[in-house]
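Here are my notes after going through the model. Have it open beside you as you read.

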Amino acid sequence: MDKNRGDKNDVKKQDNAVDIDDVPRVRNLLLRSVCAVYLMAFVSFYCQAEGLYGDAGILPANRILENGTLKERLSLLQLAPFLGLGASHETIDLLCLAGATIAFVGLVSRAHCRLVSFIAMWALYFSLVQIAQSFRQQADHLLLEAGFLCILLAPARLTDGRNPIEDIALLLLKWLVFRFMFASGSVKLASGCPLWWSLDGLKRHYETMPLPTSYSWYTYQLPDAFHRLSTVYVFLSELVVPWLFFAPNRAVRRFAFLWHAFLHLNIIGCGNYGFLSPLVLTLLVTLLDDDDKLLLRLTGGRQPPKVRGRGSSSGQQSETSDASERTGSRIVRAIGALMVVGSWICFGVGFSSGGQLTFKATFSRDQYLNIMQTMVHAAPLLVFVLLVRQFLRLLSFQDTVGSMGEGVRQFTKNVGLFIATIVAFTVFFMSIVPHSRLLPTTAISSRPMTRAYGGLHSLYVVNQYGQHLSKMRPARREVVLEYANDLNGTWHEYGFRYKPWTEERAASLSYAGLHFPRFDFKFYDAAGSKTDAQRWFYPMVQRLLQHQRPVLELFDGAHVPAKPPRFIRASLYRFSYTTFPAAGGFWTRERLADYFSVFSLGDTHLRDKLKQMGFRATADDGASSWNWLLRWLLDAVRRFVATIEGSYLVTGLVVAAAALIYTQTQQERVASRAS
């Protein structure tokens, strides 16, 4: 009898081991992390929505909803009249709050991180990006593309078992992060930028990036040899390591994950890019396996117990896994050695007479373009082979049918899998079009392909990346806004929260954290172009002359006028980092020229520019909105939230969600021990 009881316990332990090993940890962690990124994006958008897109904002959303093309008007904001809100900023607030609520609940609760949640979040954020206009950024495109693929990945409930389409969806997400990283690296040298070819691009980037932080200033002070070595590290990260994403060995992929995790943690510290790097880190989770030791540490999961014994399948799997880890470790060491030797040869690493490291590219631009051409063609072919392999596995995944009801359920399931597979392959083939455009010689010219890509790109399902750092700016230029009540009087400067505008240290290198300040970020583009290329400047000036509160709240409140100014102008400055130590501040600046001349409220040139844009000089008072109760609730929420600075709000919500998840985990552990 005791022997039978022992046999039953052994069987139970083996079943538990199988259950633990079959938990889709990668899927679960990825989906909940995407919910966290959605939360950052929705809340960040909400903090700036009234000033950017409200009726009294810089680019009111009703411009798109009323006068845009059919593709531009495709948005849930069109449902505003049915809610009694009209074309007002309250509708944008409603979408932001709804998306943030769904994302927060999906992040803290496994039961609500499901398919319908990802469909809702994608539709809501797509509707917001549709009206983003000039303030739309690359991070928005990446989030929408990743969010769409998560719709293929997400189960009806997070507690559901594995889905046959899961491996295909994870492969497409891996292909997405590969495209993003590879595109970011390939264009640097392909553009012929002398700063990248001399390996000075990264040091210049610390000074000229859109919204640098104090970490960037301290890094800038390091020796030139360190910066050139770091530039080589960036080239390896974006051109070599991404190919390891598809390695069959777990240890190799884990090496690529840790390599890129280190890179993006430094990017988060150096610049205010909002949710972009957290999103890339989330996509990198696809490089791990469900039973990977690193993933188990991240999720707090338990590793399946090792069952040893002659003829034991679990013991054989354990021995195979250990052998694979040892093999992978040797491969990783070999890859590391090859990268060191290859970098030494390709970038002519040597020593100067003073013992300093020197670098010089030993290959020409033509040689680089030839290699790049081969790599651009090889990447989609490699992923296509892996997709076909996963598809063949999908075909072999069929449950036995024992009754008519089971047959109907299996048929319905197969139809769903068929549709999801068609969508997945369509997205993959369309993604080849922007990938091929990394080089002019590899661009696809097929009209049906480009038209199909254009259709998906209009929904931001497939996008092109890698164009933001193709050529480094030789110096940092900044636009500074000034106001006065007398042309011959004293001019005062508008203050910014995150953008460099003053020489004072306290106000020049702020941290936005997980918050993405679109308004400050957009001035980076403005400083590198003429005023007519940044047409949003004209309505911004109009709103400032009108002293509109929503627009004023986009600035640093301590440096805005108390009353409407009579005149506004903009000056172009050259900003440069100071040397260590920064006793007088992080910046020195020199005025270069006028960015635009003086404007007043009745200026004819300003009025003509606004008329060309179809811009309304006066804000809509929302009289057509009949749902006063919902408007009152939304305004009450905004008045409360407005007291919290955007970076604190976004970070606080993420920390609160992390605290709830930690509490739930501890309670589950206590309950499991008690049982």
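1. Let's begin with a pairing in the sheet: Glu 482 stands opposite Arg 569 in S5. Keep in mind throughout that this is a predicted model. Glu 482 belongs to strand S3 (residues 476–484), which runs antiparallel to S5 and is joined to it by nine bridges.

2. S5 has a partner in S6 too. Strand S6 (residues 587–599) is antiparallel to S5, again with nine bridges between them. If you want a spot to check there, Ile 568 has Phe 599 in S6 as its bridge partner.

3. Is S5 mostly covered or mostly open? Covered: of the eleven residues in this strand (567–577), eight are buried.

4. On to helix H27, residues 646–674. Its length works out nicely: 29 residues at 1.5 Å each should span 42 Å, and the C-alpha atoms at the two ends are indeed 42 Å apart. The expected figure takes 1.5 Å times one less than the number of residues, in case you try the arithmetic yourself.

5. Which residues of H27 are buried? They are Gly 646, Ser 647, Leu 649, Val 650, Val 654 and Ala 657. The spacing is worth a look on screen, because an α-helix has 3.6 residues a turn and residues three or four places apart point the same way. The buried residues of H27 pack against three helices: H2 (25–53), H6 (89–108) and H26 (628–641).

6. Now the aromatics. The structure holds 57 aromatic pairs. One of them is Phe 42 with Tyr 125, an edge-to-face pair with 5.4 Å between centres and 85° between planes. Phe 42 sits in helix H2 and Tyr 125 in helix H7 (residues 115–130), so this pair ties together parts 83 residues apart in sequence. Phe 42 is buried at 0% relative accessibility, and Tyr 125 is buried with a relative accessible area of 0%.

7. Tyr 233 and Trp 259 make a stacked pair, because their planes are at 20° and the cut-off for stacking is under 30 degrees; their ring centres are 5.0 Å apart. Tyr 233 comes from helix H13 (residues 224–240) and Trp 259 from helix H14 (residues 250–270), 26 residues apart. Tyr 233 is partly exposed at 21%, whereas Trp 259, at 17%, counts as buried. The line between those two classes is drawn at 20%.

8. Finally, two charges over rings. The charged end of Arg 473 sits over the ring of Tyr 524, 3.8 Å from its centre. Lys 203 lies over the face of Tyr 220, at 5.1 Å from the ring centre.

Notes
Residues numbered from 1 in each chain as written. Predicted model: local features only at pLDDT ≥ 70, side-chain atom pairs only at ≥ 80, totals over all residues. Heavy atoms only, no water. Helix = DSSP H or I, 4+ residues; strand = E, 2+ residues; numbered from the N terminus. Buried < 20%, exposed > 50% of the residue type's maximum accessible area, 1.4 Å probe, protein only. Contact = heavy atoms within 4.5 Å. Pairing = 2+ DSSP bridges. Phe/Tyr/Trp six-rings, centres within 6.5 Å; stacked < 30°, edge-to-face > 60°. Lys NZ or Arg CZ within 6 Å of the ring centre and 35° of its normal.
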